[in-house]
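Below is a short briefing on one predicted model. It covers confidence, the nonpolar core and the pocket.

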Amino acid sequence: MAVFDPSALLALPHDVSVLRALDAGVRAQILQRRLGRTLGHALGVPPAHRIPADRPLRVLGVDSLLALHLKQQLERALRVRIVAHEQLREATLAQLAALLAEEVARPQAAAAAGAAVR
């Protein structure tokens, strides 16, 4: 199993500040696509296949260790707080993307991003 690489979430052209400025639906779509590709790589899914957006991550092979690593890396990369890693395993890719899209837009995420830049 490959290591989760959070930089794939923030590859050009979107960084956190750009994501924050987008419509919530667009933000969720971008995050879902990027999470799908990144998780596909971490789980060894061939590039020609996609991670289903409607199946729990646990069913797709995200164990508790990968879920914990995913949670930590997402929090660092997106400067957000997310659900406990065990709950994350029960979420679908679409649910996780929607949650992250909401969290990225919260004022505390914007303040954390500004503090990280200083």
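**Confidence**

Helix α3 (residues 57-60) has the highest confidence in the chain, at a mean of 93, and helix α7 (residues 107-117) the lowest, at 53. Confidence here is pLDDT, the predictor's own score for each residue from 0 to 100; helices are DSSP runs of H or I with at least four residues, numbered from the N terminus. Residues are numbered from 1 along each chain as its sequence is written. As the model is predicted, local features need pLDDT of at least 70 and side-chain atom pairs count only at 80 or more, while totals for chains, interfaces and linings use all residues, and side-chain values use heavy atoms, without hydrogens and water.

- The chain has a mean pLDDT of 79, with 79% of its residues at 70 or more.
- Residues 113-118 stay under 50 and have three contacts (heavy atoms within 4.5 Å) beyond four places in sequence.
- Where pLDDT is low, the predicted coordinates should not be read in detail.

**Nonpolar core**

- The largest nonpolar core (buried Ala, Val, Leu, Ile, Met, Phe, Trp, Tyr and Cys residues joined through side-chain atoms within 4.5 Å; buried means under 20% relative accessible area, 1.4 Å probe, protein chains only) has 24 residues, of which L57, L74, L78, L96 and L100 touch the most other members.
- At least two residues each come from α1 (16-21), α2, α4 (64-78) and α6 (93-105), with α6 giving the most, six.
- Leaving out residues up to four places away in sequence, L57 touches L39, V62, L70, L88, R89, A91, T92, L93 and L96.

Key: Buried means under 20% relative accessible area, exposed over 50%, partly exposed in between (1.4 Å probe, protein chains only).
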